[in-house]
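I opened a fresh page today and went through this one step by step. Here are my notes, in the order I looked things up.

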Amino acid sequence: EDEDEDEDEDEVKERKSKIKAQRKPAAKPVPAVVNILDGFMDDGPSTAPMPATPSLPLVLSGPKGKGLEIHAGFSRKSGAIHLEMEIVNNSSTLLDQFAIKLNKNFAGLAPVGNRVECAPISPGGSGKASHKMTFKPETANPQMADGVIQIALKTKVGVLYFAANLGMDAFFTEDGQMTQSEYLTTWKSLPPQEADVKNPSIRITDTETIKTTLRESNVF
């Protein structure tokens, strides 16, 4: 009987130890190490660079341009007028050949050669071109609208038609600056019908800034 009692006590002890083991809380997971300095020296969240925004007016949209978006305008540099173009290629065609033609216009403006120098533009890419202009009397048409030049651009997706504005500042030459004495002499020599004097109701406080701004457009 004593042996049976000892066996019963052993069984009881074993059961109690199992119960305690089951009640023992599970080990807590080790927290992940957090780098509290991560991003501390950054100026902000990292973002992919945005594509450059064209600086010229939009003259032809993608849907009307067979997948090509064209921004264009005229500038004056190195003593000549240039047609500036920014082309965005949203088509599936590699663009590596360009030719240009201008319609008869109010100023007689014409391209110096028809081939446009422009680096190849891959699908999804963009490119810029600057094409020199000249004046040809035979291309002048006084009946056309002032300040508007109609243009045809031949590309691998077809011929595209658009119009670009030609501002009067493109005609101002770089050598038009006169000394004060020359200006006064020329002004006095003008016939009365060609002279017009107006006193605008504005106040100028920084004449040098205004002179610099006008000089950028060859207004002296």
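Is Ser 78 buried or exposed? I put this one first and went straight to the accessibility value. Ser 78 has 79% relative accessibility, so I write it down as exposed; the bar for that word is over 50%. I keep in mind throughout that this is a predicted model.

**Entry 1: the turn around Ser 78**

I looked up where Ser 78 sits and found it in the loop between strand 2 and strand 3. These two strands make a hairpin with 2 residues between them. The phi of Ser 78 is near 55°, which is positive although the residue is not a glycine.

Next I followed the strands away from the turn. Strand 2 and strand 3 run antiparallel and are joined by 10 bridges. Lys 77 has Ala 80 of strand 3 as its bridge partner. Further along, His 71 is paired with Glu 86 in strand 3.

**Entry 2: another positive phi**

I then checked Lys 66, which also is not a glycine and has a positive phi of about 55°. Lys 66 belongs to the loop between strand 1 and strand 2. How buried or exposed is Lys 66? Its relative accessible area is 47%, so I note it as partly exposed.

The strands on either side of that loop pair too: strand 1 and strand 2 are antiparallel, with 2 bridges between them. One of the pairings I looked up puts Leu 58 opposite His 71 in strand 2. I had already met His 71 as the partner of Glu 86, and that gives me a path from Leu 58 to His 71 and on to Glu 86 in strand 3.

**Entry 3: the sheet of five**

In what order do the 5 strands of this open sheet lie? I read the order as 1-2-3-6-5, with antiparallel pairing. Strand 1 (58-60) and strand 5 (109-111) are at the edges; each has a single partner strand, so one side of each has no neighbour in the sheet. On average, neighbouring strands here are turned by 40° against each other, direction ignored.

**Entry 4: the sheet of three**

I found another open sheet, made of 3 strands in the order 4-7-8, again with antiparallel pairing. Its edge strands are strand 4 and strand 8, each pairing on one side only. For this sheet the average turn between neighbouring strands is 25°, direction ignored.

I looked at one of its pairings in detail. Strand 4 and strand 7 run antiparallel and are joined by 4 bridges. Among the partners, Lys 101 is matched with Ala 152 in strand 7.

**Entry 5: the nonpolar core**

Which residues have the most contacts inside the largest nonpolar core? They are Phe 74 and Ile 151, in a core of 29 residues. I checked which strands feed it: strand 2 (68-77), strand 3 (80-89), strand 4 (99-102), strand 6 (126-135), strand 7 (148-155) and strand 8 (158-165) each give at least two residues. I jotted a reminder in the margin: in soluble globular proteins, nonpolar side chains tend to be buried together.

I stayed with Ile 151, which is in strand 7. At 2% relative accessibility it is under the 20% cut-off, so I count Ile 151 as buried. Leaving out neighbours within four places in sequence, Ile 151 is in contact with Phe 74, Leu 83, Ile 100, Lys 101, Leu 102, Leu 160, Tyr 161, Phe 162 and Ala 164. I picked Leu 102 from that list for a distance check: Ile 151 and Leu 102 are 49 residues apart in sequence, yet 4.7 Å apart from C-alpha to C-alpha.

**Entry 6: a buried asparagine**

My last stop was Asn 105, in the loop between strand 4 and strand 5. Its relative accessibility is 1%, so Asn 105 counts as buried. What does its side chain reach? I found the backbone oxygen of Asn 103 at 3.0 Å. The side chain of Asn 105 also reaches the backbone nitrogen of Leu 109, at 2.9 Å.

Setting aside neighbours within four places in sequence, I listed the contacts of Asn 105 as Thr 139, Ala 140, Asn 141, Met 144, Val 148 and Ile 149.

Terms used:
Residues are numbered from 1 along each chain as its sequence is written. This is a predicted model: local features need pLDDT of at least 70, side-chain atom pairs count only at pLDDT 80 or more; totals for chains, interfaces and linings use all residues. Side-chain values use heavy atoms; hydrogens and water are left out. A nonpolar core is a set of buried Ala, Val, Leu, Ile, Met, Phe, Trp, Tyr and Cys residues joined through side-chain atoms within 4.5 Å. Buried means under 20% relative accessible area, exposed over 50%, partly exposed in between (1.4 Å probe, protein chains only). Contact means heavy atoms within 4.5 Å. Two strands pair if DSSP finds at least two bridges between them. Axes are lines fitted to C-alpha atoms, for helices over the stretch in contact, and angles run from 0 to 180 degrees between N-to-C directions. A polar contact is a pair of N or O atoms within 3.5 Å; within protein, one must be able to donate a hydrogen and the other to accept it, and residues adjacent in sequence count only if both atoms are side-chain atoms.
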